Amino acid sequence: MLADVSVTGQGGLSRRLTRGLLDQVTPGLRWAVAVVLLGVSGLFGGLDTVPEPPAETVAAGTPVHGGPWEVTVEAAAVYRELGKLRLEKETNRWLVVTATVRITAHESTMPPSDLLTLTGVAGLINPTPAEEALDRDKSIMRRLQPDMPERILFIWEQSGDAPVPTSITVAVEQRTYREDSLSGAWYWMDVDGKGEDEPAGRVTVPVRTDLAPPIASPSPSVAASPSTSPKPAANRTPSAGPTP
Amino acid sequence: MKLLRRLGTAAFVLAALAAGQAVVSAEPNLNHALRPFPVAGEVGAEVAARTFTARVQLVRCAAALRIGEHVLDTQGVWIVAKLRVGARFKPTSIAYAAARDGAGKVYQTSDRVSLDLVSGGLTMQPGLPYEGEIAIEVPTASAGSLTLLLADNSLDQRMDSMAEIRLPISDGSACSAEPTTLLAPKAVS
Amino acid sequence: MRGPDSLGRGWWRRNLWGLVALLPMLALMLAAAGYSDLEFWQRGKPAAVLPAADGVADFAGVRVRVAELAPTTDLKRGGDRPFVVPDNMTAWRVVLDIEGPTDPKQVPFCSISIEDTAGILYADQPRELSSARIPFGNCQPDNSPVPAASGRHQTVAHFVTPRGVDIAAVRVFFGGVDQTRYVRFDR
């Protein structure tokens with residue numbers, strides 16, 4: 001048998017093989033070949049279910065899966081004052097979206113500043129939140145741990161000249177786990193590499209204006225510093241957290 | 001006979017293709033091929049990674065941390081490990097510390113607390129070790145299956161050694177309900 | 001081709017030398033691939049530049065000489081209070097004489113480290129000396145203990161090692177000028 005595929009033979013290996021495979025097999029075997037090919041394509045993902053495009057808009061309280069995170073937008077509200085947070089202009093107001101973020105990636109993850117973007121809101125001072133704080137102790141949100149969902153306050157500043165929205169739409173950013181075309185390593189990245197992905201989903205949530213601020217005393221991230229006993233750190237930026 | 005021979009040829013080709021596929025898919029992906037080199041050890045024993053040594057001296061768990069007047073709670077438990085770490089042949093800092101549970105989830109040290117010892121803030125000179133405590137927030141159900149991971153690079157731990165020390169906590173629900181304090185990094189004299 | 005050829009030789013016979021050569025060629029291929037990687041890795045390590053016989057190294061546009069390398073105990077805290085070096089360690093002082101451009105802005109920044117007899121490296125500004133008042137050993141004239149004059153000044157760096165360690169060399173690295181080489185003064 002080894003001699004059969006010896007390259008010393010005349011006529012070219014591939015041509016002989018192709019002819020051998022196609023011409024000589026019986027019609028029944030062609031079916032078998034077709035099934036094998038289908039199976040092979042299945043091995044490379046040919047039979048995988050193609051995910052449905054994300055649901056366009058869901059109601060508050062519905063989880064949105066964005067790849068390494070799952071976000072459940074719960075509520076939105078505006079406040080004139082929010083503890084020690086300082087508005088750029090006194091006539092402005094705070095717009096606070098409360099959402100629970102669960103890391104579904106296998107390791108600790110710091111959500112990007114554009115995790116949530118608002119549409120249908122006029123007069124935002126900045127498209128990314130001015131503050132993102134853990135509801136638990138009002139400390140700045142940084143790294144979140146896998147499978148330890150945290151309720152987060154996403155805080156934007158809105159111009160006082162713009163109308164108070166009655167309802168807003170929150171878009172949840174998504175990432176996909178894919179191969180980096182440059183390094184060949186796998187990361188959570190933008191779906192198409194251009195950063196212009198559709199959001200994982202949009203959530204419409206009514207805006208409350210009559211709530212008491214969501215609050216506690218500021219609880220800075222704290223330091224176990226050298227040669228002294230552990231004490232609050234000065235490295236909390238910005239230093240003001242939401243307070244009553 | 002001729003047909004049999006041709007079928008045999010086809011079988012060889014398929015076998016070669018299958019072998020190629022097996023080689024290609026033997027490593028799940030490049031991330032796996034570039035994974036850190038583990039240096040395993042036990043609590044109480046010194047583990048020598050490429051650039052640093054580490055020894056876990058004590059492990060405990062608690063429902064909350066007391067840092068000065070602040071009490072940091074958690075929905076899971078705080079794992080507190082007392083470490084003794086040192087540089088080996090050049091000034092080194094340990095900038096990555098995490099706990100991996102039995103399901104492969106990786107919980108990095110909390111940045112709700114500043115931990116100089118393992119956040120890259122403490123550069124150690126060779127032969128002059130430090131002691132201190134670090135805290136990691138994990139789900140209660142994971143507390144019984146944790147391995148502490150330590151590496152010197154905060155951003156990229158691939159293709160370098162990583163200390164892996166099994167943490168002997170048997171049951172996360174048996175952790176102390178009282179807030180616990182952390183020992184700050186201190187030079188060992 | 002199947003079966004014996006015109007000389008009556010079978011397949012194994014005809015391909016004998018090819019088969020024999022297979023293993024050495026494979027070994028050669030692996031060695032060549034490994035050698036290029038090894039060479040690339042070694043080129044990535046900074047190379048040592050040695051001073052001339054008079055102890056002066058002409059490098060990165062400056063002339064550098066080690067004026068002092070010795071253990072030190074006369075360190076000060078703020079307010080001139082003495083800084084006591086802990087028992088388990090030795091503090092070292094390195095003083096470099098530097099001769100370079102008269103324009104202080106043209107003097108390149110450097111970083112200094114010391115190497116012990118086992119090849120272990122120690123860096124300037126260690127945390128152990130963080131409460132001692134020590135200058136930056138960065139080769140800049142404004143950190144010089146003696147007033148800079150006509151392009152001459154000094155730079156002073158402090159280190160700590162475990163007690164009992166002996167220092168074999170001083171390394172001066174001008175990273176802004178040359179990332180691939182450093183000046184090495186053997187003691």
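Here are some exercises with worked solutions on a predicted model.

**Exercise 1. Work out how the five-stranded sheet of chain B is put together, and find its edges.**

Step 1. Start with the order of the strands. In chain B, the open sheet runs S1-S10-S9-S5-S6, and its pairing is mixed.

Step 2. Now look at the two ends of that order. Strand S1 (37-41) and strand S6 (106-108) of chain B each have a single partner strand, so each has one side without a neighbour in the sheet. Those two strands are the edges.

Step 3. Check the twist. On average, neighbouring strands of this sheet are turned by 30° against each other, ignoring direction.

Step 4. Here's a bit of background for the next exercise: strands of a sheet pair through backbone hydrogen bonds, and they can do it parallel or antiparallel.

**Exercise 2. Trace the pairings of S9(B) and S5(B), and name a residue pair for each.**

Step 1. Take S9(B) and strand S5 (residues 96-100) of chain B. They're antiparallel, with five bridges between them. For a residue pair, find B:Tyr96, which sits opposite B:Ala151 in S9(B).

Step 2. Go to the pairing of S9(B) with strand S10 (residues 161-166) of chain B. This one is antiparallel too, with four bridges. Here B:Leu150 has B:Ala163 in S10(B) as its bridge partner.

Step 3. Move on to S5(B) and S6(B), an antiparallel pair held by three bridges. Look for B:Ala98, which faces B:Gln108 in S6(B).

**Exercise 3. Explain why strand S9 (residues 147-151) of chain B counts as largely enclosed.**

Step 1. Recall the cut-off: a buried residue has 20 or more other C-beta atoms within 10 Å of its own.

Step 2. Apply it to the strand. Four of the five residues of S9(B) are buried, so the rest of the structure largely encloses this strand.

**Exercise 4. Decide whether B:Val56 is buried or exposed, and list what it touches.**

Step 1. Locate the residue: B:Val56 belongs to strand S3 (residues 52-67) of chain B.

Step 2. Count its surroundings. There are 25 other C-beta atoms within 10 Å of B:Val56, so this residue is buried.

Step 3. List its contacts, leaving out residues up to four places away in sequence. B:Val56 touches B:Val43, B:Ala81, B:Leu83, B:Leu148 and B:Ile165.

Step 4. Finish with a distance. B:Phe89 is 33 residues from B:Val56 along the chain, and their C-alpha atoms are 21 Å apart.

**Exercise 5. Compare the spans of two helices with their expected values, and see how covered each helix is.**

Step 1. Begin with helix H1 (residues 2-24) of chain B. Its 23 residues reach 33 Å from first C-alpha to last, close to the expected 33 Å at 1.5 Å a residue. None of those 23 residues is buried, and H1(B) is hardly covered.

Step 2. Do the same for helix H2 (residues 16-43) of chain C. This helix has 28 residues and spans 41 Å between its first and last C-alpha, close to the 40 Å expected. H2(C) is hardly covered as well, with zero buried residues among its 28.

Step 3. Look for a bend. H2(C) has a kink of about 35° at C:Leu22, shortly before the proline C:Pro24.

**Exercise 6. Find the domains of chain B and how far apart their centres lie.**

Step 1. Read off the bounds: chain B splits into domain 1 (1-33) and domain 2 (36-187).

Step 2. Take the centres over C-alpha atoms. Those of domain 1 and domain 2 of chain B are 45 Å apart.

Definitions and conventions. Residues numbered from 1 in each chain as written. Chains lettered and ligands numbered in written order. Predicted model: local features only at pLDDT ≥ 70, side-chain atom pairs only at ≥ 80, totals over all residues. Buried ≥ 20, exposed ≤ 12 C-beta atoms within 10 Å, placed from the backbone. Pairing = 2+ DSSP bridges. Domains from an automatic or database assignment. Expected span 1.5 Å × (residues − 1). Bend = angle between axes of the 7 residues up to and from the residue. Axes fitted to C-alpha atoms, helices over the stretch in contact; angles between N-to-C directions. Contact = placed C-beta atoms within 7 Å.
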